[in-house]
Amino acid sequence: MTQVVVAAGLVVVAILLSRVGKLGLERDLAITALRAAVQLAAVGAIITLVFDHAGLAAVFVAVMLATATFTSGRRLRGVPDAPWRAGAAIAAGAATGLVPLLVSGAFSTTPRELIPVAGILIGGAMVATSVTGQRLVEQLVDDVAAIETRLALGVPVREALAANVRRAATTGLIGILDQTKNVGLVTLPGTFVGLVLGGASPADAARVQLTVLLALLAVEVMAALIVARLVVAGVTAPGERITRPG
Amino acid sequence: MVAFDNVGVSVPRLKTEKLTIARGGRTLLRGFDLAVGAGEVIALVGPSGVGKSSLLRTLVRLDEPAGGRVLVDGIDASELEPCALRRRVGLVMQAPVMLEGDVRANLAYGLEAHDEAALAAALAATGLDPEFMTRTARELSGGEAARVAVARALARDPVALLLDEPTAALDSASAAAVETLVRDLADRGLGVLVVTHDEALADRTADGLVRL
C-alpha cells in the first residue's frame, strides 16, 4: 500500500510541475494516472482467470491489439482509414517477433507466457506506429512545399516522400534503439525487474529480457516501415499527387 | 474575365482547351484557352487569388482540372505518365525550395541517367559559374536559388517552363538577371509561361500577355 501512496504522490508532483511549467498537461496526467490504476486493478482481478483458460487468453490478446490499434489510429489524424492502417502495422510488427518466438519454442503458447510477451511486443509496435505515423503526417503538412518541389521535378510520390519516411521512422525508433543500447547501464527494463522481483535469478531474468529487447528491434522496425508505407499509400492520389491529411 | 493581347499560337509547346479549375467548391477559371509556342514568353498577370498559381499546378497535374484539357506538344497531358509530364514541363514555384545537399545534388535529383556535362550546361544556361555545383543549396541567396531552381528544371530537358512570380522576392539586380534569363530560355526554343503581378516585367520580357 505504501508503494501506491508514494506513486500517487508522485503523480501530484507531475501535475504541479506541469502547472508551474505551463505545459497544460494537468488534466491529461490525472486522467492517464487514473486510467492506468483502473486498468491494472482490472487486469490484476482477471489475470488469474485468463491464465487458466486459453480461450480467454486469445480474447485478451485481441483486446490488446484492438486497444493499440485505436490508440495509434488516433495519431494518424486526417489519413483515410487510419485505424486500419495503424492496426495492420501493429499486427504485422508484433507478428514479426511473436511468431518466431512461439514457433521456435523460445516461449510457450501457455497464457502465462503468451500474454506478457504478446503485450510487450504489441506495445512496442504501437509506440513505433504512433510516433512514426504522427511524425510523417506532421511532415505532410509542414514540408509540403519541399514534397511538391520533388514531385514537380518528376519523381513518383514514394520517392518524393522517401526523405520524410526516413526522418519519421528514425524518430519512431529512437526509443527502442536508446533503450536497447543503454539496457543495464541506464535502464533496467520492466521484464527484468518483474522477473527478479518475482523470484527468478538475475541471469534468467537477463536472458528473457535480452530475448524480448532484441525481438522488439525487429517488431518496431517492421511496424514503422509498414505504417509509413500505408500512410504514403493513403495520401497518394491518382496522377502521382498527394492529398494533404485533414 | 480573361483578355488576350498578342498571344502567339504558333506550334504550341503548351496549350489549354476550355480548361476549368475549381478549388474548394469555387470555380477559379472556366473555359480557359491559352497557347504558348516554342520560343515564346507568355506572361500571365492578375491579382492575388485569381487562380494563376492554380493554373500552373494544373498544367503539371499537381492538381486535376475540373474540365477541359492540357496539351503538351499536341499530346493530351492526361495521357502522359505524370512524372514524364513534369520533366517535359518544368514548374519553378514561387520562393523555390532547395533540396538537401549541394547544387549538383539538386540538379541531379530524381534523374536516373544523366551526365555531368548536361548538368553543367543546365547550370551555365542560368548564368551561374561551375563552382556553384558544390555550394550547399540551402545556403544560397534568393537570386541564386531562383536560378538553381530554373537550372534544376532545365536539367530535365523540358519543352516548356512555368515560372511562378520568379522575381517577387529578389532585389532589383537579381530580378534583372532573371528577366534576362527568361528571354534566353525562350531563345533556346522553350515555351515559357511566367506568372507575375508585375505588368512592367511582363512588358519587358513577354511576347504576349494574358490577364486574369
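This passage walks through a predicted model of two chains, A and B.

Residues are numbered from 1 along each chain as its sequence is written, while chains are lettered from A and ligands numbered from 1 in the order in which they are written. Since the model is a prediction, local features need a pLDDT of at least 70 and side-chain atom pairs count only at pLDDT 80 or more, whereas totals for chains, interfaces and linings use all residues. For the complex, the predictor reports an ipTM of 0.91 and a pTM of 0.86. In chain B the mean pLDDT (the predictor's confidence in each residue, from 0 to 100) is 90, and 95% of the residues score at least 70. Residues 1-9 of chain B are a weak spot for confidence, with pLDDT under 50. For that stretch the model has 20 contacts beyond four places in sequence, a contact being two residues whose C-beta atoms, placed from the backbone, lie within 7 Å.

Chain A comes first. It holds 10 helices and two strands, where helices (H or I, at least four residues) and strands (E, at least two) are DSSP runs numbered from the N terminus. Read from the N terminus on, the order in chain A is α-α-α-α-α-α-α-α-α-α-β-β. The C-alpha atoms of chain A fit a box of roughly 60 × 50 × 35 Å along the principal axes. Of the 246 residues in chain A, 33% are buried; that word calls for 20 or more other C-beta atoms within 10 Å of a residue's own, with exposed meaning 12 or fewer and partly exposed anything in between, again with C-beta atoms placed from the backbone. Among contacts in chain A with a separation of 6 or more, 72% join residues 24 or more positions apart. Chain A is split into domain 1 (1-51) and domain 2 (53-242), with bounds that come from an automatic or database domain assignment. The C-alpha centres of these two domains of chain A are 24 Å apart.

Chain B has its own mix, with seven helices and 10 strands. Its radius of gyration (taken over C-alpha atoms) is 16 Å, close to the 17 Å that the globule rule gives for 212 residues, so chain B is as compact as a globular protein of that length. That rule is 2.2 Å times the number of residues to the power 0.38. The C-alpha trace of chain B spans about 45 × 35 × 35 Å along its principal axes, and 45% of the 212 residues in chain B are buried. Residues 24 or more positions apart supply 74% of the chain B contacts with a separation of 6 or more.

Where the chains meet, 16 residues of chain A and 18 residues of chain B take part. Helix α6 (residues 144-152) gives the most to chain A's side, with seven residues. That side of chain A has eight nonpolar, three polar and five charged residues, counting Ala, Val, Leu, Ile, Met, Phe, Trp, Tyr, Cys and Pro as nonpolar, Asp, Glu, Lys and Arg as charged, and the others, Gly among them, as polar. The buried residues of α6(A) are A:Ile147, A:Thr149, A:Arg150, A:Leu151 and A:Ala152. They pack against α7 (157-160), α8 (162-182) and β2 (241-242) of chain A, together with α2 (82-88) and β7 (89-92) of chain B. After α6(A) comes A:Gly154, with a positive phi near 90 degrees.

The largest nonpolar core (a set of buried Ala, Val, Leu, Ile, Met, Phe, Trp, Tyr and Cys residues joined through C-beta atoms within 7 Å) has 117 residues, of which A:Leu121, A:Ala223, A:Val231, B:Leu162, B:Val192 and B:Val194 touch the most other members. Helix α5 (residues 111-142) of chain A provides the largest share of this core, 15 residues. A:Leu121 sits in α5 of chain A and counts as buried because it has 26 C-beta neighbours inside 10 Å. Beyond four places in sequence, A:Leu121 is in contact with A:Ala94, A:Gly97, A:Leu98, A:Ala215, A:Leu216 and A:Val219. On the chain B side, B:Val192 is in contact, beyond four places in sequence, with B:Val41, B:Leu161, B:Leu163, B:Val182, B:Leu185 and B:Ala186.
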